[in-house]
Structures are given as C-alpha cells and as structure tokens.
Number of protein chains: 2
Amino acid sequence: MPSDVTAPTVAAFAGLGGQRVWSLMISLFGDLAQGKDDAIDGPVLSAIMALLGVRPEANRVALHRLRNDGWLQSHKVGRISQHSLTPQGRAESAAASPRIYAAPPDLSDDWQLVLTEANGAEDRLREAGFIAVMPRTFVGHGKAKAPEDCVALPGTTPPEWLRRAVEPTSLKEDYEALHRALLSIQTTLPKAEALSPLDIAVLRCLIVHNWRRLVLKHPALPGGLIRADWAGYRCHLLVDDLLAHYPRPTLSDVAKASAPS
Amino acid sequence: MPSDVTAPTVAAFAGLGGQRVWSLMISLFGDLAQGKDDAIDGPVLSAIMALLGVRPEANRVALHRLRNDGWLQSHKVGRISQHSLTPQGRAESAAASPRIYAAPPDLSDDWQLVLTEANGAEDRLREAGFIAVMPRTFVGHGKAKAPEDCVALPGTTPPEWLRRAVEPTSLKEDYEALHRALLSIQTTLPKAEALSPLDIAVLRCLIVHNWRRLVLKHPALPGGLIRADWAGYRCHLLVDDLLAHYPRPTLSDVAKASAPS
C-alpha cells in the first residue's frame, strides 16, 4: 500500500540494488530509533515496511534474523510487540553514524601525503583511514596522524589525476546511479510540510540506506582531494540537503500518522 | 720524479681507479687553465704529469687523444708547444665546474617531493636533476621546478630511510674509499706555504679529478635529505676544505716552479 508520495521515491531507489529487508531495517532503526529508550511498535514498523514495498512475511523474516544476530530486541506490551535496538545494535549504529550523517567536506580542507618504507606501515595506515594512491604512497586528512617513521607532507593544490586516484573506482557506477536517484527525488518531492511523518520516515530510510551502503565501503576522502564533479561528493551534497529539508520525525508522530484512521 | 710532498698524495689516490691519463689531463686543464687565454707550456705539463706518476709516452698519447677529440689544442711558440682547452673543451669544463666546485650543501636546505602520473614525466624529472626514490616518486631541491601536472610538495624533516633512499648506492664504496684517501692527505699534508706552486697544482689535480669522477655520476642531493654521515657528503666537506687551503696557483708561478734550477 505505497502512498502517492512514497511510491515514486521507492521506485527511484528500486534499481540500485542492496535493498535486502534486514539491511533496510537496520537503516530505519539507525535513523529513527537510535535513542536509548526508542522503540517502534509492531504496527508502526509494519506500516513503514509496507510503504517501503516489503511484504509482511519478508518483514517477519528480517525481524527474526536481526533478533538472532543480537541487533534488535522485541518486547510484548499488551497485545503488541515493541522493537528496539539492542545495546550492541545501538553501539554499531552509533559507530557508523558519524560517517553517514557527516556534513559534506570542505573542498579546501587540508590533506597530507604519506610515504612508508618498503614493507612498512601499510596496514596501520589503512586502519587509520589513509587511502593508498600508489604502492607505499597514501593520502589522508590534514589532521590525521601518520605512523612514525613515515614521510608525512602537507598537501598543496593537487592535479586532477591525483584527485581521481583517490576515488573508490569500484563504486563509480553505484555513486552515479545513486546521484541520479537522489536528483530525481529532489526535483519532484513535495515540501516537508506536505508530507506525513510516516512518509518522511520512509523517505529518510531510503536516503540513509542507499547512502550508507556506499559511503561505508570506503574511507572518507580528504576534502582537499575531492573533485567537485565526483559523483560520491555530489551524492553527499544531496543527502545532506535532503535530510536537512526532511527532518527526522518523532516516533510518536510517526505512530500517529500510521494509525488506521 | 715524484717530490717528497706529492708522492704520498699520489699513492693515497692510486688505489681508487679511474686514473686514466687523458681523464687526469681534463681535470688538470679544468682546474688550472680554464680561463680563455690560459695555456700550459709543454715542459710545465710534462713536469706536472711526471709528478702525477705519468710516463712521457702516456702523456703524449693522452695529448694526442684529447686533440683528436677536440678537447685540447696545441700551438708551437718558438721551440715549445703551448696546450690549451679548445672552445668546446672550455665549454664542457665550465658546464661541469658548478657541480665540481660547489660549496657543500646546507643540511637544512629545502627539499621537495614530487609524484608523477603513471607513464608520466619520469624522464623530464631526471633531466631536471630530480632523484627517483620509488616508482613515480622523486625528490629534488626545494627551488627546482617540477613539470606541471606533477604533485610537488615541500619537504619536512625526513626519516632516515628516505635519506638513505636518495644516496647513489652504486657509489657507496667509491665514496668511502675517496673519503679515506682525502682524510689521510688532510692529516699529513704540510701547510700550503711549505708547498711549491707545482706541488699544489698536482695536489689540486688529484683532488679535483677523484672528486669529479664520482660527483658527476649522480645528481646533486638536496641538502635537506643528506645524511650527515653519508660518505659523499663527508668527501664534499674535505674537498671543499682542501681546495680552500691549497688555493689555485697562477700558471706563471707553476711554470717558474717547474723550471729546471
């Protein structure tokens, strides 16, 4: 039972892949119910998932799986279930949130170039968020701390080829497809005032979910090395803009909007 | 007929190799007679070469070769020949002199790191005096101009491994041997006042020659990347010190000193 508003948005994202129900549900709880005492009533969750185009059986399977994985917990309150993140699920959501909800980087941010000795600190550099652009040659944010005994030089205006060398090439088409989807919904969505809290919860879940599955696959690029035309950066600008224009509704407003009239 | 003074010096350098007579003669003319109107009389040249341990036949063969190569020219003046650099020989000597006679670099000099795109400007960087330390990664003096489209970053205090990566490894033993020879003559040579202009001409020829054949085989290292312990740098300090303490004699003083008494 997709609404007039959410149907085109669901359709815009449908072709992007990665829409597994349990993963969508992680995005939903992470965006809507990450607070310590937040819980989503069963009927509200069903209404959201239905708008996302998820059949009731698939919804139940995903809930079951996430409970087994220790991500979600469910409690009966009277005749209905309340679903919430476990402490572990909340911790993992909180760990990912800074990347997912980060403001778009400033393209004039400092960056640095780091060289390691042969058979040196490659793994430690990757773990610290540095990005390999050549063998033994990494880039990172200006303030990142390179392991001792590396050559760490503050960056200057980089040439185009270095900017491109930093981009995660395997995600090129995924980011371009996401950019097209985000652009299409941005130009066609009604203003937030014209949407119900339930519609906005669904919209935000789709945005966060599709952004999350790409942005968490690679380290954050230093702003000073980002091409203004890079699709990943264009996506970031649109995600930031959309989430700001469609602010997170309260759970009680979503519940009210999903109550049968 | 080596003198008491030059014999130990000739011996100190004898084991270093690279003492071909024509090459020694190039060093001699480059040091003693690079001026436009400078010429060395045949008997003076013979006296110097004899002190260098060169037999008269070898002296004649070298002169013949250098004339054929367009490096030297000889004119008869009365009964004696005068030998001088050709314009080409003078131009090549002048081109090499800045490297040979350069003051030792300041170890706090600026340096820069340069990255090129794949299949990029490697050859142009080498021609411009940059030194490859890794594939596509070069270092150079702070003021050197890297080709456009390279990443050129001002250097900071480098780790030991980068300093070592810049050193010409193939010359390691040659520089160490030269350092031992220079050190031994520095500690045993009489003061300049106790030497004849002829002895000093011979001494300077040996120093310049043995230094020249190593220093011209590699680009000048940026001061900021030089290990204070690198034998090439230790040689440079000694060469600079010795040439300053045994200043170039005039050709006429050398001629007077070589005249039979």
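UniProt, in an unreviewed entry, places the feature "domain: Transcriptional repressor PaaX-like N-terminal" at residues 22-88 of chain A. In this predicted model, that span is 54% helix and 21% strand. Its end C-alpha atoms lie 16 Å apart.

A second annotation, also from an unreviewed entry, is "domain: Transcriptional repressor PaaX-like C-terminal". UniProt gives it residues 170-245 of chain A. This stretch is 67% helix and 0% strand. Its end C-alpha atoms are 30 Å apart.

**Domains of chain A**

The domain assignment splits chain A into two parts. Domain 1 is made of two segments, 6-104 and 171-258. Domain 2 covers 111-154. The contact between them involves seven residues of domain 1 of chain A and six residues of domain 2 of chain A. The C-alpha centres of the two domains are 33 Å apart.

Which residues of domain 1 of chain A lose the most area to domain 2 of chain A? They are P219(A), P222(A) and L225(A), together 72% of what that side buries. By class, the domain 1 side has five nonpolar, two polar and no charged residues.

**Chain A against chain B**

The interface of chain A and chain B draws on 20 residues from chain A and 20 residues from chain B. On the chain A side, M134(A), L153(A) and W161(A) supply 37% of the buried area, more than any other three residues.

Three elements of chain A each give two or more residues to the side that touches chain B: β4 (111-115), β7 (151-154) and α7 (160-166). The largest share comes from β7(A), with four residues. The residues on this side of chain A divide into 13 nonpolar, four polar and three charged.

**The two contacts in numbers**

The size of an interface is often given as the accessible area lost when the parts come together. The table lists that area for both contacts, with its share on carbon and sulfur and the counts of paired residues.

| Item | Domain 1 of chain A and domain 2 of chain A | Chain A and chain B |
|---|---|---|
| Buried area | about 530 Å² | about 1,700 Å² |
| Share on carbon and sulfur atoms | 80% | 76% |
| Salt bridges | zero salt bridges | zero salt bridges |
| Residue pairs in polar contact (both at pLDDT 80 or more) | one residue pair | four residue pairs |

**Salt bridges**

Side chains of opposite charge can pair when their charged atoms come close. How many salt bridges does the structure hold over all chains? The count is 18. None falls between domain 1 of chain A and domain 2 of chain A. None crosses the interface of chain A and chain B.

One of the salt bridges joins R204(A) and D31(A). The closest N and O atoms of this pair are 2.8 Å apart. R204(A) lies in helix α9 (residues 197-215) of chain A, and D31(A) in helix α2 (residues 21-32) of chain A, so the pair ties together parts that are 173 residues apart in sequence.

How values were computed: Residues are numbered from 1 along each chain as its sequence is written. Chains are lettered from A and ligands numbered from 1 in the order in which they are written. This is a predicted model: local features need pLDDT of at least 70, side-chain atom pairs count only at pLDDT 80 or more; totals for chains, interfaces and linings use all residues. Side-chain values use heavy atoms; hydrogens and water are left out. Domain bounds come from an automatic or database domain assignment. Contact means heavy atoms within 4.5 Å. Buried area is the accessible area (1.4 Å probe) that two parts lose on being put together, summed over both. A salt bridge is a side-chain nitrogen of Lys or Arg within 4 Å of a carboxyl oxygen of Asp or Glu. A polar contact is a pair of N or O atoms within 3.5 Å; within protein, one must be able to donate a hydrogen and the other to accept it, and residues adjacent in sequence count only if both atoms are side-chain atoms. Ala, Val, Leu, Ile, Met, Phe, Trp, Tyr, Cys and Pro count as nonpolar, Asp, Glu, Lys and Arg as charged, and the others, Gly among them, as polar. UniProt positions are given in the numbering used here, feature names are shortened, and annotations may be inferred rather than shown by experiment.
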